[in-house]
Amino acid sequence: ASFALCVFLAAPGLTWLDGGELALAAGSLGVAHPPGEPAYLVLARLAAFVPVGDLPFRLTLLSAATVAGASGMLAAIVSHAAGRLSSIPGASVPLAGLLAGGLFACAPATVLQGVRPELYGLAALLGLLSVRALQLGGRRGVALAVLPLCVAGAVHHAMLVAAAPGLVLLATHRGRGSLRAGLVCCCLLLGPGLLQFLYLPLRSLAEPALDFGTPQTFDRIVHSVTAAGYARSFQPVDGQVARNLVAHLQMFRSDLGLQVLLLASVGFVSGWRRARRRTLALLLVLGIGLLPTVLQGLFREDNPDARGYLLGPIAVLCSAGSLGALALLSRVRAAAPGAAAWVGTVLI
């Protein structure tokens, strides 16, 4: 359903902002703007072979597929988590997953990433794949969680850094030896993860049609990979941080609705009582995920890229909102069983 929605609303060809640049970089195997996103460009190059429409539309199909995958993965994660909160071994709660995945899929911030050539949907999908692997538990789950993160670092490492503290907290206490297994896998995959950035100088030396910043020397490679040129964006003037926080709240209210934000607060309170470590991990992803945009001196809530940065916090709010709805429904069922079906229908 998410994929169908994005395809229905998709731009038929060339789009605004980075869409044209990413299409040219993928079509010619060029070098895109910092941090270079080599993993995305390789996948986008494969998507360019799909014999449907023109090149930008083919990359848009990739965006729609990653957004749909992220929505489905979030539904699976929340369904499993709600089952664990219910204290029933092996249980899942499809209603909670449906609410979380549906909210995320229909949020304008999410849809904006699925209707044009963009990489934020892919970054969100990889992060959620890591969370799903952690739900498996034990050493195997922690080891598997490292793999998508290595790819995510070569898609957009700023989003990975923002999510890392929450993911590390989720990875603790996953069984004996799980943390050691995670550290070993990180060490083993750190090299291949960083080697993905060799794409930048190798393609630049081949003189492609698009060569953003010509990262051919060590200094230029570091400048590109670290995106040092954007540092000036994080210089807010007096009162800018407060204005940004207000703008973020307005954006979340317009994208998710006030009722979802209220249900999310219920979900956080309910989760804190039952599973503090997992709730704290969610709060870390939410809080740290907001920092890159809150601290931007040039933040605009109508910037679709800013909404892309916030897919992680939006996924957290959708998850908390669905768990809050479930907690509310449980209380209604206990107090007035006959009204539970009506309240559940209204919540959906």
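In this predicted model, Tyr230 lies in the loop between helix 11 (218-225) and helix 12 (240-256). Its relative accessible area is 36%, so Tyr230 is partly exposed. Tyr230 also belongs to a nonpolar surface patch. The other members are Phe212, Phe234, Val241, Leu245, Leu291 and Leu295. Together the patch residues present about 570 Å² of accessible area.

The overall fold is helical. The protein contains 17 helices and zero strands. Its C-alpha trace spans about 70 × 50 × 45 Å along the principal axes. The radius of gyration is 21 Å. For 348 residues, a compact globule would have a value near 20 Å, so the two agree. Buried residues account for 49% of the 348 residues. The exposed area of the protein is about 16400 Å², and 70% of this comes from carbon and sulfur atoms. Contacts were also examined by sequence separation. Among those with a separation of 6 or more, 76% join residues 24 or more positions apart.

Leu112 sits in helix 6, which covers residues 108-114. With a relative accessible area of 23%, Leu112 is partly exposed. Leaving aside residues up to four places away in sequence, Leu112 touches Trp16, Pro304 and Arg307. Gly239 is 127 residues from Leu112 in sequence. The C-alpha to C-alpha distance between Leu112 and Gly239 is 29 Å.

Charge pairing was considered next. Side chains of opposite charge can pair when their charged atoms come close. The structure holds four salt bridges. Arg116, Glu118 and Asp305 are linked in a network of such bridges. Within this network, Arg116 pairs with Glu118, and the closest N and O atoms are 3.4 Å apart. Arg116 also pairs with Asp305, here with the closest N and O atoms 3.2 Å apart. The Arg116–Asp305 pair connects distant parts of the chain, 189 residues apart. Arg116 is in the loop between helix 6 and helix 7 (120-135), whereas Asp305 is in helix 15 (residues 304-309).

The network residues are covered. Arg116 has 0% relative accessibility and therefore counts as buried. Glu118, at 3%, likewise counts as buried. Asp305 is buried, as is its partner Arg116. A further salt bridge joins Asp302 to Arg300. In that pair the closest N and O atoms are 2.7 Å apart. Arg300 has 52% relative accessibility, so Arg300 counts as exposed.

Cysteine pairing was examined last. The structure holds zero disulfides. Cys150 is in no disulfide, and the nearest cysteine sulfur, that of Cys186, is 6.7 Å away. Cys186 is likewise in no disulfide, with the sulfur of Cys150 as its nearest cysteine sulfur. The cut-off for a disulfide is a pair of cysteine sulfur atoms within 2.5 Å. Cys150 counts as buried because its relative accessibility is 18%. Cys186, at 37%, counts as partly exposed.

Technical notes: Residues numbered from 1 in each chain as written. Predicted model: local features only at pLDDT ≥ 70, side-chain atom pairs only at ≥ 80, totals over all residues. Heavy atoms only, no water. Helix = DSSP H or I, 4+ residues; strand = E, 2+ residues; numbered from the N terminus. Buried < 20%, exposed > 50% of the residue type's maximum accessible area, 1.4 Å probe, protein only. Contact = heavy atoms within 4.5 Å. Patch = residues over 30% accessible without salt bridge, like charges linked within 9 Å, V, L, I, M, F, W, Y side chains within 5 Å. Areas by Shrake-Rupley, 256 points an atom, 1.4 Å probe, with all protein chains shown as cover. Salt bridge = Lys/Arg side-chain N within 4 Å of Asp/Glu carboxyl O. Rg over C-alpha atoms; globule rule 2.2 N^0.38 Å.
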